[in-house]
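Biologist: Let us go through this model together. I will ask, and you reason your way to each answer.

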Amino acid sequence: MKTLLPTSTAGSLPKPSWLAQPETLWSPWKLQDEELLAGKQDALRVALHEQQLAGIDIVSDGEQTRQHFVTTFIEHLSGVDFENRQTVKIRDRYDASVPTVVGAVSRQKPVFVEDAKFLRQQTKQPIKWALPGPMTMIDTLYDAHYQSREKLAWEFAGILNQEARELEAAGVDIIQFDEPAFNVFFDEVNDWGIATLERAIEGLKCETAVHICYGYGIKANTDWKKTLGSEWRQYEAVFPKLQQSGIDIISLECHNSRVPMELLELIRGKKVMVGAIDVATHTIETPEEVAETLRKALQYVDADKLYPCTNCGMAPLPREVASAKLNALSAGAEIVRNELLSRSSG
Ligand SMILES: [Zn+2]
C-alpha cells in the first residue's frame, strides 16, 4: 500500500431503496431473478462510486449482493436447513430465528467469487472483501448435527479457506473475516477461535484482516453497550493471542466507544484498521474529530500500520448519512496524513 493512512470501511454500505428496504437488517429484496442479479451489480457500482467520490483508498462492494453478512454465506452451503428454524440467542445478547445445521456442511460452489470478479473489473484500486468468521457463523445457527461449537467452527474454517483462496485468485487484495463474536466468548476465542481463523487463512498470499466490533448500531447492541461500564476492556482478553497469530490486520471499534486506546499496545506490530467513524449515530463526525481519534491511535500504532476505517458496517444508516461519514473519514485522514508528512519533511 503506497498511500500513508489508507482509508477503508468495515464493509457494508446502505443499499438503494429500489433494491431493498433501507435502514433495515435482513431486508427482503425488491427484485427477482435476472432483475435482481442486474440490480445487485448496479448497486455495487453505485457503492463503489460513492467510495471513490469520497476518496476512500481501499474499496469494497459495500456488501450490496448480500442480505446479511453471515446468513447469505450460510445460505449457499449444504447441510443447513433454512426452513427448519430455531430461536437462539446471538452473541449472548438477542434472540433471532436462525437456520438449523442438519447434516455435514459443505460448499457446493463459490459464494461471492463472481461478485468479487465483477468488483475487480470495475476498479484498479486495492479491494477488500469481507467474509464471516467461523465463530460468528456458528453463533448465528442452531446446530442439530455436530453438537459441538468447536467441531462446527473447524468445518466452517475449511469451507471459508476454499472461498478465500478463490477470492484471492479473483484479485482481492485483503480478505477480512468478521468476528464480532470474539468480543463475547473470550475462553472459546483463546481455546479454538483464533486457531480456526488461522485455518481459514491457510495458504493465502494476499493480506488478511479480522474485524472485531461491538456490532451494528441497532438497539440490542446499543442497550448492551450501556451495561459494559466506563471502560470496555473486551479486546484485552483476545489481543495477546491475536498478536501472535498470522492475521495481518486487525479492524477495531474506537471512536465514541469506551475502549481504552492503550489496549492497542497489545497488538503492536500488526496493521490496525482504526474505527474513527461511529456507525451507531446519525451525527456526522467532523474531520477534526476523525483526526483526533487517529492521533490518539498513533500513540500505539506505527504510522505505516494505521488504516483509518469505520467502527462497523453502515448498512442500517440512511444513504446520505453514510456518504457524509465517508467524506468525514477521508478528510480526517487527510489532516493527519499532512501532519505526518510535514513532520517527516520538516
Ligand atoms: Zn462490525
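Biologist: Is serine 17 buried or exposed?
Modeller: This is a predicted model, so every value here is computed from it. Serine 17 sits in the segment before α1. A residue counts as exposed if 12 or fewer other C-beta atoms lie within 10 Å of its own. Serine 17 has 12 such atoms, so serine 17 is exposed.

Biologist: What separation do the C-alpha atoms of serine 17 and serine 78 have?
Modeller: Along the chain, serine 17 and serine 78 are 61 residues apart. In space, their C-alpha atoms are separated by 31 Å.

Biologist: Is tyrosine 216 buried or exposed?
Modeller: Look for tyrosine 216 in the loop between β6 and α7. The cut-off for buried is 20 or more other C-beta atoms within 10 Å. Tyrosine 216 has 22 of them, so tyrosine 216 is buried.

Biologist: Which residues does tyrosine 216 touch, leaving out those up to four places away in sequence?
Modeller: Start with proline 316, which is 100 residues from tyrosine 216 along the chain. Their C-alpha atoms are separated by 7.6 Å. The full list for tyrosine 216 is Leu25, Asn221, Val279, Cys312, Gly313 and Pro316.

Biologist: How many Å apart are serine 342 and valine 80, C-alpha to C-alpha?
Modeller: Serine 342 lies in helix α10. Serine 342 is exposed, because 9 other C-beta atoms lie within 10 Å. In sequence, serine 342 and valine 80 are 262 residues apart. In space, the two are apart by 55 Å.

Biologist: Now phi. Which sign does phi have at aspartate 33?
Modeller: Most residues other than glycine have a negative phi. Aspartate 33 is not a glycine. It is found in helix α1. Yet its phi, about 50 degrees, is positive.

Biologist: Is aspartate 33 buried or exposed?
Modeller: Use the cut-off again: exposed takes 12 or fewer other C-beta atoms within 10 Å. Aspartate 33 has 7, so aspartate 33 is exposed.

Biologist: And glutamate 63: buried or exposed?
Modeller: Glutamate 63 is not a glycine, but has a positive phi of about 55 degrees. It is found in the loop between α1 and α2. Inside 10 Å there are 26 C-beta neighbours, so glutamate 63 counts as buried.

Biologist: On to helix pairs. Are α1 and α3 parallel or oblique to each other?
Modeller: Two packed helices are described by the angle between their axes and the distance between the axes. The axes of α1 and α3 come within 11 Å and cross at roughly 45 degrees. Roughly parallel needs an angle under 35 degrees, and roughly perpendicular needs 65 to 115. So α1 and α3 are oblique.

Biologist: Which residues make that contact between α1 and α3?
Modeller: The crossing of α1 and α3 is right-handed. By class, the contact residues are four nonpolar, two polar and one charged. From α3 come Phe118, Leu119 and Gln122. From α1 come Gln41, Leu44, Arg45 and Leu48.

Biologist: At what angle do the axes of α1 and α10 cross?
Modeller: The contact joins Glu50, Gln51 and Ala54 of α1 to Ser323, Leu326, Asn327 and Ser330 of α10. Those residues are two nonpolar, four polar and one charged. The crossing is right-handed. The axes come within 8 Å, and the angle is roughly 35 degrees.

Biologist: How many nonpolar residues does the contact of α9 with α10 have?
Modeller: The axes of α9 and α10 come within 7 Å and cross at roughly 55 degrees. That angle makes α9 oblique to α10. In α9, Pro287, Val290, Ala291, Leu294 and Arg295 meet α10 residues including Ala328, Leu329 and Ile335. The contact has one polar residue and one charged, and its nonpolar count is ten.

Biologist: Last helix. Where does α6 bend?
Modeller: α6 covers residues 186-200. Its buried residues are Val189, Gly193, Ile194, Thr196, Leu197 and Ala200. They pack against α4, α5, β5, β6 and α8. The bend is about 45 degrees, and its place is tryptophan 192.

Terms used. Residues are numbered from 1 along each chain as its sequence is written. This is a predicted model: local features need pLDDT of at least 70, side-chain atom pairs count only at pLDDT 80 or more; totals for chains, interfaces and linings use all residues. Axes are lines fitted to C-alpha atoms, for helices over the stretch in contact, and angles run from 0 to 180 degrees between N-to-C directions. Helices (H or I, at least four residues) and strands (E, at least two) are DSSP runs, numbered from the N terminus. Angles under 35 degrees count as roughly parallel, over 145 as roughly antiparallel, 65 to 115 as roughly perpendicular and the rest as oblique. A crossing is left-handed if the near helix is turned anticlockwise from the far one by less than a right angle, and right-handed if clockwise. Two residues are in contact if their C-beta atoms, placed from the backbone, lie within 7 Å. Ala, Val, Leu, Ile, Met, Phe, Trp, Tyr, Cys and Pro count as nonpolar, Asp, Glu, Lys and Arg as charged, and the others, Gly among them, as polar. The bend at a residue is the angle between axes fitted to the seven residues ending there and the seven starting there.
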